[in-house]
Amino acid sequence: MPFYHKLGKIPHKRHTIFKKPDGSLYREQLFGTIGFDGMSTNSYHEHHPTQVKEILGHKDVTPKIAVNTNLKSYKFHGFKTIPQPDYLDSRSTVLHNDDVNIILAAPTQSLHDYFYKNADADELLFVHKGKGKLRTHLGNLDFDYGDYLLIPRGIIYKIDFETEDNRLFIVESRRPIYTPKRYRNHFGQLLEHAPFCERDLRQPYELETNDEKGDFLIKVKKENQLFDMVYATHPFDVVGYDGYNYPYAFSIHDFEPITGRIHQPPPVHQTFETDAFVVCSFCPRLFDYHPESIPAPYNHSNIDSDEVLYYVDGDFMSRNDIEAGHISLHPAGIPHGPHPGAVERSIGQTKTEELAVMVDTFKPLKITEEGMAIADDSYHKSWLEDKH
Ligand SMILES: [Fe+2]
């Protein structure tokens, strides 16, 4: 998060005595990234955050690859992912490479029994269906339909759902996820031409401070293993913190589309960046206003990236037979474009209600067994004008 946030109570100076009402000391933790060069947060705890009681074992959650090298376009029926009560059990990795996992999840219950921490990857949760509260050791965030929740690696969290029908599209990224650099000035402030501003980025607002000792299970994901780690004190025991490294929320409905007289390229929809992929938001917007414009996209060869589109809501102007919850994969190496009839259909249209999330990865994606289980194997032929 490229701007400063402070929550709870903190001492006047870093690394100085900070006393509880009973005269004992609060325990400080510097939570840094990129060694000591990246964004960091200083938090103050009721207890030392280092008190590991046991590491009980671990479970292998390495994605099982079904298609290792791929040149075919695919469509996946995301809503065929079966809902499951447990949050982690419900996460199904559909696409994978060394940088990123594309995950679908349909948890029906809140995460009660344990805390979760991803030690390897930032997690970007897009809430397609569901409403609730993300609870973290650095404060809580309410979420609803259309929210992106960005949870930097190492943040301990739980999720409370008010709803049972929950659908999440999750991007699990080994590379840190930032807002695009070109939207920010030298000082980190978002510029006037950016499609969102600091006001749209919601920071944690509610700190839970538990001064409890006992057995607290945290499932820690590291190197594709899910470790069961037992802490001696409650993981949510922070009384205050300040810094730049914390979870935040951004609603796709607050993205302000950039439009033009003729078709604008995908980078105008960019919302997040890493050095391994970008995330774009395709939002309801007015179409191109040149009198002879073609609002449908032109055919394009994304020769350097695999393109993943997750369809959220509205009509998907350039595609036939696409519904909410579908994912399309257009791999690097071959051109793709609007489906037959879509160009003609788009001419004269003045606006679109489409809502979609796109992930363009710079390395090819592999398709997992869970992905193939919900795949439409004939999608790659859907551009044929003559079906016979
Ligand atoms: Fe494309």
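## Exercises on salt bridges and a domain interface

E123 and R91 form a salt bridge in which the closest N and O atoms are 2.9 Å apart. The model behind these exercises is predicted, so let us work with its computed values.

**Exercise 1.** Where in the chain do E123 and R91 lie, and are they buried or exposed?

*Solution.* Start with the elements: E123 belongs to strand β10 and R91 to strand β7, and the pair links distant parts of the chain, 32 residues apart. Next, take the cut-off for burial, which is under 20% relative accessible area. E123 has a relative accessible area of 1%, so E123 is buried. R91 has 12%, so R91 is buried too.

**Exercise 2.** Work out which parts of the chain are tied together by the salt bridge of E208 and R135, and classify both residues by accessibility.

*Solution.* First, the distance: the side chains of E208 and R135 meet at 2.7 Å, N to O. Then the positions: E208 sits in the loop between β16 (201-202) and β17 (213-222), while R135 is in strand β11 (residues 132-136), so this salt bridge ties together parts 73 residues apart in sequence. Finally, E208 is buried at a relative accessible area of 18%, and R135 is buried, also with 18%.

**Exercise 3.** Do the same for D147 and R202: find their strands and their exposure classes.

*Solution.* The two side chains meet in a salt bridge of 2.8 Å, N to O. D147 is in strand β13 and R202 in strand β16, so parts 55 residues apart in sequence are tied together. D147 has 4% relative accessibility and therefore counts as buried. R202, with a relative accessible area of 29%, is partly exposed. While we are on salt bridges, shared partners join D120, R174 and E223 into one network, and the count by this rule comes to 21 salt bridges.

**Exercise 4.** Describe how domain 1 and domain 2 meet: how much area do they bury between them, and which element gives the most to the side of domain 1 that touches domain 2?

*Solution.* Begin with the division: domain 1 covers 5-62 + 82-251 and domain 2 covers 256-381. The contact takes 35 residues from domain 1 and 37 residues from domain 2. Between them the domains bury about 3000 Å², with 64% of it on carbon and sulfur atoms. Now look at the polar side: across this interface there are two salt bridges and 18 residue pairs in polar contact. On the side of domain 1 that touches domain 2, β7 gives the most, with six residues. By class, that side has 21 nonpolar, eight polar and six charged residues.

Conventions: Residues are numbered from 1 along each chain as its sequence is written. This is a predicted model: local features need pLDDT of at least 70, side-chain atom pairs count only at pLDDT 80 or more; totals for chains, interfaces and linings use all residues. Side-chain values use heavy atoms; hydrogens and water are left out. Domain bounds come from an automatic or database domain assignment. Contact means heavy atoms within 4.5 Å. Buried area is the accessible area (1.4 Å probe) that two parts lose on being put together, summed over both. A salt bridge is a side-chain nitrogen of Lys or Arg within 4 Å of a carboxyl oxygen of Asp or Glu. A polar contact is a pair of N or O atoms within 3.5 Å; within protein, one must be able to donate a hydrogen and the other to accept it, and residues adjacent in sequence count only if both atoms are side-chain atoms. Helices (H or I, at least four residues) and strands (E, at least two) are DSSP runs, numbered from the N terminus. Ala, Val, Leu, Ile, Met, Phe, Trp, Tyr, Cys and Pro count as nonpolar, Asp, Glu, Lys and Arg as charged, and the others, Gly among them, as polar. Buried means under 20% relative accessible area, exposed over 50%, partly exposed in between (1.4 Å probe, protein chains only).
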